[in-house]
Every structure is written in structure tokens, then in C-alpha cells.
Amino acid sequence: MSVFSAIDIRTATIDDLSAIFHLGEKVFTSQAAANLYRTWDEYEVTTLFNCNPELLLVAETEGKVVGFALGTTIEKARSAWNYGHLLWLCIDPEYARLGIGSSLFDRFRDEVARQGVRMMLVDTQADNKPAIDFFRCKGFENPTDHVYMTLNLEKDN
Ligand SMILES: CC(C)(COP(=O)(O)OP(=O)(O)OC[C@H]1O[C@@H](n2cnc3c(N)ncnc32)[C@H](O)[C@@H]1OP(=O)(O)O)[C@@H](O)C(=O)NCCC(=O)NCCS
């Protein structure tokens with residue numbers, strides 16, 4: 001059996017939350033220029049799990065969580081469109097390029113579509129070329145630059 005065929009994509013249970021948090025800690029905090037506007041912490045996992053548990057998916061092999069997808073849906077006032085925001089997609093580097101991210105994404109997309117979403121959103125750092133290539137491969141287009149700025153309030157003290 002290939003590694004890929006042994007991967008199970010399923011919705012997360014409460015017992016998975018610790019593994020998800022620690023895998024995210026390993027992957028997201030090791031990225032060279034972590035974004036300040038979105039930080040990976042335990043509240044991210046528990047809050048999103050409470051909001052929409054169907055949108056917290058894990059990839060498991062041999063009892064180990066090797067990837068996850070985590071997101072939410074957004075309803076905009078005065079808009080007929082519902083948006084599905086894939087906030088965090090994470091594959092253990094030891095299991096990269098095996099199609100696991102793609103399988104997690106496909107399942108996430110099917111689930112948001114089932115929940116009435118007509119448009120999906122993703123965001124990542126402008127220099128995260130692997131992620132941008134991945135999302136292009138999944139059909140995303142129109143990348144738009146977004147500028148984040150900071151103001152250090154301690155400088156005035
Ligand atoms: C981006 C990420 C989710 C891809 O997961 P993955 O399981 O390795 O991706 P897949 O094997 O399903 O790749 C599908 C396609 O995406 C593209 N792709 C994936 N990783 C790539 C990379 N490092 N460089 C270039 N293209 C890549 C390829 O077209 C690939 O198809 P191919 O392998 O047949 O060429 C994974 O590398 C990751 O977790 N990165 C760190 C976290 C992150 O940046 N998440 C996204 C923002 S929240």
C-alpha cells in the first residue's frame with residue numbers, strides 16, 4: 001500500500017486538538033517571517049473548533065496527525081455570497097508533496113460548498129511561494145497585495 005492510500009482525511013475530534021496545535025506550532029512558527037496579524041495559538045484551534053467543527057479536518061496515518069485544514073465561513077451583510085475562508089492549511093514537512101494538502105483542501109472545499117459557500121478565500125505571506133503555487137494548482141487566481149503596518153506604542157514612552 002502506498003503512503004498516500006494509507007492517509008485518512010476526516011473531521012477532527014476534541015482528542016485531535018493537541019496534535020493539531022503542536023503540528024501548527026512546528027510549521028507556522030518555523031516560517032522565516034511569521035505574520036504578526038495572524039498568530040498561531042491554542043485559541044485559534046479551540047475557537048474555530050467551537051465555531052464550525054466540520055471545517056476542522058485532519059489527515060491521519062498510522063494514528064498520527066500529519067496535516068490539517070482549519071477555516072470558517074463568512075456571511076457579508078447585503079451580499080448574497082457566503083465566503084469560505086481557509087485560514088490554516090498545514091502539512092508535516094516529512095509528508096510534503098504526497099498529495100495530502102490537496103486531499104485536505106478538496107474535502108474542505110466540498111464541505112464549505114455543502115454549507116452554501118460560493119467563493120473561497122485564502123491568504124498567505126507574499127514570499128510563501130510553495131503555498132502560492134499550491135493554491136494556484138487548486139484553481140485560485142487574482143492574487144492581490146495587501147499591506148500590513150504596525151505602530152509601536154512603546155516608542156512614545
Ligand atoms: C503548502 C502546503 C499546504 C502543501 O501541502 P502538500 O501536501 O505538500 O501539497 P500537495 O502534495 O498536495 O501538492 C499539490 C500541488 O501543489 C503544488 N505544490 C505543493 N508544494 C509545493 C512546493 N513546495 N513548491 C511548489 N509547488 C508546490 C504542486 O503543484 C503540487 O503538485 P505536484 O506535487 O504534483 O507538483 C504545505 O507545504 C504546507 O503545509 N506549508 C506550510 C504551511 C503553509 O504555508 N500553509 C498555507 C498557508 S495557511
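## Pairing and the overall fold

Two strands are taken to pair if DSSP finds at least two bridges between them, and in this predicted model one such bridge sets His85 against its partner Leu121 in strand 5. That bridge belongs to the pairing of strand 4 with strand 5, which run parallel and are joined by four bridges.

The protein as a whole comes to four helices and five strands, and these follow one another along the sequence in the pattern β-α-α-β-β-β-α-β-α. The C-alpha trace spans about 60 × 40 × 30 Å along its principal axes. A compact globule of 157 residues would have a radius of gyration near 15 Å, and the 16 Å found for the protein agrees with this. Of the 157 residues, 20% count as buried, and among the contacts between residues at least 6 apart in sequence, 62% join residues at least 24 apart.

## The sheet

The five strands make an open sheet in the order 1-2-3-4-5, with mixed pairing. Its edges are formed by strand 1 (8–11) and strand 5 (119–122), each of which pairs on one side only, and the twist from one strand to the next averages 25°.

Beginning at the edge formed by strand 1, this strand pairs with strand 2 (residues 56–61) in the antiparallel sense over four bridges, and within this pairing Thr11 stands opposite Leu57 of strand 2. Strand 2 and strand 3 are likewise antiparallel, with six bridges joining them, and Ala59 has Gly67 in strand 3 as its bridge partner. Strand 3 and strand 4 also run antiparallel and are joined by nine bridges, among them the one that partners Phe68 with Cys90 in strand 4. Helix 3 lies across strand 1, strand 2, strand 3 (64–75), strand 4 and strand 5, and runs at about 30° to strand 3.

## Hairpins and positive phi angles

Two of the antiparallel pairs are also hairpins. Strand 2 and strand 3 form a hairpin with two residues between them, and Glu62, in the turn, has a positive phi of about 50° although Glu62 is not a glycine. Glu62 is exposed, because 9 other C-beta atoms lie within 10 Å of its own, where 12 or fewer is the limit for that class. In the hairpin that strand 3 and strand 4 form, six residues stand between the strands, and here Arg78 in the turn has a positive phi of about 55°.

A further positive phi occurs in the loop between strand 4 and helix 3, where Arg97 lies; the value is near 60°, in a residue other than glycine. Arg97 is exposed as well, since 11 other C-beta atoms lie within 10 Å.

## Leu23 in helix 1

Leu23 has its place in helix 1 (residues 17–28). With 20 other C-beta atoms within 10 Å, Leu23 is buried, because the class begins at 20. When residues up to four places away in sequence are left out, Leu23 touches Val65, Phe68, Cys90 and Asp92. Phe68 and Cys90 are themselves bridge partners, and thus two of the residues touched by Leu23 are paired across strand 3 and strand 4. The C-alpha atoms of Leu23 and Arg107, which are 84 residues apart along the chain, are separated by 20 Å.

## The surroundings of the ligand

Which residues come nearest to the ligand? Of the 19 residues around the ligand, these are Ala96, Gly101, Ser102, Pro130 and Asp133. Strand 4 (82–91), helix 3 (100–114) and helix 4 (129–137) each supply at least two residues of the shell, and helix 4 gives the largest share, with five residues. By class, the shell has twelve nonpolar, five polar and two charged residues.

The shell therefore draws on elements described above as well as on helix 4: strand 4 and helix 3 each contribute at least two of its residues, while strand 4 is joined to strand 5 by four bridges and helix 3 lies across the strands of the sheet.

Methods: Residues are numbered from 1 along each chain as its sequence is written. This is a predicted model: local features need pLDDT of at least 70, side-chain atom pairs count only at pLDDT 80 or more; totals for chains, interfaces and linings use all residues. A residue is near a molecule or strand if its C-beta atom, placed from the backbone, lies within 6 Å of it. Ala, Val, Leu, Ile, Met, Phe, Trp, Tyr, Cys and Pro count as nonpolar, Asp, Glu, Lys and Arg as charged, and the others, Gly among them, as polar. Axes are lines fitted to C-alpha atoms, for helices over the stretch in contact, and angles run from 0 to 180 degrees between N-to-C directions. Two residues are in contact if their C-beta atoms, placed from the backbone, lie within 7 Å. The radius of gyration is taken over C-alpha atoms; the globule rule is 2.2 Å times the number of residues to the power 0.38.
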